[in-house]
Amino acid sequence: MISTDKNSVSTSVSDSGPDRHFAAIVESTHDAIVSKNLDGIIQSWNPAAEKIFGYTAAEAIGKSVTMLIPKENQGEEPRILARIRRGEKIDHYETVRKRKDGSLVNIWLTVSPIKDASGKIIGASKIARDITQQKKIEELQLQFVAIVESSDDAILSKDLNGIIQSWNKGAENIFGYTAGEAIGKSVTMLMPEGHEDEEPKILARVRRGEKIDHYETVRQRKDGSLVNISLTVSPIKNASGKIIGASKIARDVTEQKRVEQKMHEVRGELATLNRELEHRVMERTASLNEAINQLEEFSYSVSHDLRSPARAMEAYAKAVIEDYGPRLDARGLGFLQKIVRSSGRMDKLIQDLLTYTRVLRSDVSLKSVELAPLLRDILDQYPEMQAPHAQIRLQDGLGVAMAHEASLTQALSNLLSNAVKFVNPKTIPQIDIRSECRNGKVRLWIADNGIGIKPEFQSRLFRMFERINPGMRYEGTGIGLAIVKKAVERMGGTVGVESDGVTGTSFWIELSSASTRPAQTI
């Protein structure tokens, strides 16, 4: 039999077999086995009780069992003791108890009366089983069931003979059969004509333990209509790892397939329209190029023919001034001088137009051009760019660019002329010319100390006939920078400007580096 004191569980085992067997069960069981008197004072405490609740036998025996009961469950103990006094047994009572560390444990409780030799009830024995893990499993199972039932996908299971074992709401919605109509039937009832051979192949792969991912196929609904599905099939194993069936997740992809088909049709239509558009663009481009060529021819011809009368006006006006100037009054002489200036400006404008047209029409053959020697030649041709009229600093080793020498000369001449021209009165032009090489490009900078260009005007700067200082004394046709831009673009380069509008201007031209590139024609 079992005797107890207030510090431990002690067993006094008689020679009889049943007592020895009973003691061994109490000591080795995984369930907490506890006894208490009718006042709820703990009398015995086995090792499993210590493991489940955290108290040693010495800490528990002699204490009230209420120390294990959470505050919100304190009303349970009086009700349990009342039933025990009436001789009742409480079977499989699920509740919550508190461990020594304050954490809660879900238990499955059985309480039985203890009687003395005369049959009088003197206490109670309690067997408590920790079902915390079981509760978690049950909660997970409930969550899983909720997920399965709420899924829009069809989720079903079948045995290795293809007989349906489970059927969720999604399966009912997709295929039209209720669970009662589907469970127990062969899954082949969903196979349309021409797809009957799929199921044996699927079951063979499942038996080998294979998983089938995102298999697109067709199934038949209860009403006979077909549905496109994406199917995933996984083996189901029992506790020993043996494959006993398969789970199937089927997603209705009918709308997706319809959209894909529509997109395919649209892509085909777009391809056809694109080919038609390309053909029209080619036709219109050819027509436009022809019109541009004719316009360029006309522009070149008109500009060339206009130079002769413009020069004649200037020459005749100068002759009148020279031969008859003393006979004219100041007003008449002023008119003639205006004619000379205007005809000179007209001639310069016509020259620039001819230059722009030549840039547009000429073939541009690119070759290696050393920048420093080219710039020195340009500077030597213009007295206004030489000391003491201007101070020009040329960086050593400017690099070698792929360029058309005549076009590059024209562009650089225009930029240098502007740098010398657009300065404040009585200011000596100071120009810094430098370069930088990066990413296979050479960028040439021409920085001056002129009047600057305000940022709001810079986007218009390279257009034809743009003059951003019309009210000032600086003369110009508004074509020079357009010539620069077109010449640089014909060489496959780019041009730009930086200025704060106050402290000068920095123009740049960027061309391909000639270090590795052969000569070519654009």
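How many cavities of 30 Å³ or more does a search of the whole structure find? In this predicted model, the search returns three such cavities. Before these are described, the overall make-up of the protein is set out.

The protein contains 13 helices and 20 strands, and of its 522 residues, 36% are buried. Among the contacts with a separation of 6 or more, 54% are accounted for by residues that lie 24 or more positions apart. The surface that the protein exposes amounts to about 30400 Å², and carbon and sulfur atoms supply 53% of that area.

Empty space inside the model was examined next. Rolling a probe the size of a water molecule over the atoms shows where such space is left. The largest cavity has a volume of about 90 Å³, and its lining is formed by Val34, Phe53, Val65, Leu68, Arg97, Ile107, Leu109, Lys126 and Ala128. Two elements, β6 (104–115) and β7 (121–130), each give two or more residues to this lining. When the lining of the largest cavity is divided by class, seven residues are nonpolar and two are charged, while no polar residue is present.

The second largest cavity has a volume of about 50 Å³, and the residues that line it are Leu156, Phe175, Val187, Leu190, Arg219, Ile229, Leu231, Lys248 and Ala250. Here the elements that give two or more residues to the lining are β11 (226–237) and β12 (243–252). By class, the lining of the second largest cavity comprises seven nonpolar and two charged residues, with no polar ones.

The buried nonpolar side chains were then considered as joined sets. The largest nonpolar core has 40 residues, and within this core Leu408, Leu412 and Leu416 are the residues with the most contacts. Helix α12 (residues 405–421) provides the largest share of the core, namely seven residues. With its neighbours within four places in sequence left aside, Leu408 is in contact with Val369, Leu371, Leu374, Ala403, Met491 and Leu511. A second core, separate from the largest one, has 23 residues, including Ile42, Ile52, Ile61 and Val65. Val65 of this second core is also one of the residues that line the largest cavity.

Definitions and conventions: Residues numbered from 1 in each chain as written. Predicted model: local features only at pLDDT ≥ 70, side-chain atom pairs only at ≥ 80, totals over all residues. Heavy atoms only, no water. Helix = DSSP H or I, 4+ residues; strand = E, 2+ residues; numbered from the N terminus. Buried < 20%, exposed > 50% of the residue type's maximum accessible area, 1.4 Å probe, protein only. Contact = heavy atoms within 4.5 Å. Areas by Shrake-Rupley, 256 points an atom, 1.4 Å probe, with all protein chains shown as cover. 1 Å grid on protein atoms, 1.4 Å probe; cavity = no way out; pocket = protein on both sides within 12 Å on 5 of 7 lines; lining within 4 Å. Points joined across faces, edges and corners; volume = space filled by probe spheres on them. Nonpolar A, V, L, I, M, F, W, Y, C, P; charged D, E, K, R; others polar. Core = buried A, V, L, I, M, F, W, Y, C linked by side-chain atoms within 4.5 Å.
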